[in-house]
Amino acid sequence: GHTVMGPSSSMVLADLGADVIKVEPPEGDRTRANVGFGSALFPVFNRNKRSISIDLKSEAGRAVIGKVIAGADALIENFAPGTMDRLGLGYKDLSQAHSRLVYCSLKGFLSGPYEKRAALDEIVQFMGGLAYMTGPSGSPLRAGSSVGDIMGGMFGAIGVLAALRERERTGRG
């Protein structure tokens, strides 16, 4: 996961005691380099996690991520639609190889006319009407924090916990 939604989801699980391994690209998570207001993004949303740098586009990287996934209970991702499938890490591929794996895919837009669009939190706040409730009458204003991303991440964590509980009954992720 990157930026806010994915990291906030796994942050909740890490805060509850899960052993979370954050997978970063070879150059590191881009929020590590944020300055000013955004400088808190990485340390806040990635606390209590271990990180590993893997080039998911390389053969060696795919071998490493395969080993990480083989020992995992859950995978959380929030990449653009189709990214995980192109990497061979989509739900269909992984659920066949790892039937107990809980797979949480966090997206800003679900299937429909906007499914391929980037879903920055502020855009969603304006599209969903929150900005019109936050600002003064006639002057919509983005909420101060990424409330949509954080709430989506929290619901992702709740979904992972529910799926892990269900897995106890069915044996499947």
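On a 1 Å grid over the protein atoms alone, a pocket is an open set of points with protein on both sides within 12 Å along at least five of seven lines, and its lining residues have an atom within 4 Å of a point. Grid points are joined across faces, edges and corners, and a volume is the space filled by probe spheres set on the points.

Some ground rules come next. This is a predicted model, where local features need pLDDT of at least 70 and side-chain atom pairs count only at pLDDT 80 or more, while totals for chains, interfaces and linings use all residues. Residues are numbered from 1 along each chain as its sequence is written, and side-chain values use heavy atoms, with hydrogens and water left out.

## Two pockets

Let's start with the open spaces. The second largest pocket holds about 770 Å³ of space. Its lining has 33 residues, and the closest to its centre are Thr3, Val4, Leu120, Asp121 and Asp149. Helices (H or I, at least four residues) and strands (E, at least two) are DSSP runs, numbered from the N terminus. The elements giving two or more residues to this second lining are α2 (41–45), α6 (121–128) and α8. Of these, α2 gives the most, with three residues.

The largest pocket has about 1200 Å³ of space. Its lining counts 44 residues, with Gly1, Ile21, Lys22, Val23 and Ile76 nearest the centre. Seven elements each lend two or more residues here: α1 (5–15), β1 (20–24), β2 (49–53), α3 (59–70), β3 (74–77), α4 (83–86) and α8 (147–170). The largest share, five residues, is from β1.

What are the linings made of? For the classes, Ala, Val, Leu, Ile, Met, Phe, Trp, Tyr, Cys and Pro count as nonpolar, Asp, Glu, Lys and Arg as charged, and the others, Gly among them, as polar.

| Pocket lining | Nonpolar | Polar | Charged |
|---|---|---|---|
| Largest pocket | 24 residues | eight residues | 12 residues |
| Second largest pocket | 16 residues | eight residues | nine residues |

## Inside the protein

In soluble globular proteins, nonpolar side chains tend to be buried together. Here, a nonpolar core is a set of buried Ala, Val, Leu, Ile, Met, Phe, Trp, Tyr and Cys residues joined through side-chain atoms within 4.5 Å. Buried means under 20% relative accessible area, exposed over 50%, and partly exposed in between (1.4 Å probe, protein chains only).

The largest core has 11 residues: Ile54, Leu56, Ile65, Ile69, Leu75, Met84, Leu87, Leu89, Leu94, Leu101 and Tyr103. Another core lies apart from it, with eight residues that include Leu13, Ile76, Cys104 and Leu106.

For a closer look, take Ile54 from the largest core. Contact means heavy atoms within 4.5 Å. Leaving out residues up to four places away in sequence, Ile54 touches Val23, Glu24, Pro25, Pro26, Gly61, Val64 and Ile65.

Ser8, in helix α1, is buried at 1% relative accessible area. Beyond its neighbours within four places in sequence, Ser8 contacts Phe45, Asp149, Ile150 and Gly153. Ser8 and Asp149 are 141 residues apart along the chain, yet their C-alpha atoms are separated by 7.8 Å.

## Rings that pair up

A search of the whole structure turns up three aromatic pairs. Rings of Phe, Tyr and Trp (its six-membered ring) pair if their centres lie within 6.5 Å; planes under 30 degrees apart count as stacked, over 60 as edge-to-face and the rest as tilted.

One pair is Tyr91 and Tyr103, with centres 5.7 Å apart and planes at 75 degrees, so the pair is edge-to-face. This pair links distant parts of the chain, with Tyr91 in helix α5 (residues 91–97) and Tyr103 in strand β4 (residues 102–105), 12 residues apart. Tyr91 is partly exposed at 43%, whereas Tyr103 is buried at 17%.

Phe126 and Tyr132 also make an edge-to-face pair, because their planes are at 80 degrees, with the ring centres 6.0 Å apart. Phe126 sits in helix α6 and is partly exposed at 34% relative accessibility; Tyr132 is exposed at 51%. Not counting residues up to four places away in sequence, Phe126 touches Ala131, Tyr132, Pro140, Leu141 and Arg142.

## Two backbone oddities

Most residues other than glycine have a negative phi. Thr3 is not a glycine, but its phi is positive, at about 65 degrees. Thr3 lies in the segment before α1 and is partly exposed at 25% relative accessibility. Asn48 also has a positive phi, near 65 degrees. You'll find Asn48 in the loop between α2 and β2, exposed at 52% relative accessibility.

Key
1 Å grid on protein atoms, 1.4 Å probe; cavity = no way out; pocket = protein on both sides within 12 Å on 5 of 7 lines; lining within 4 Å.
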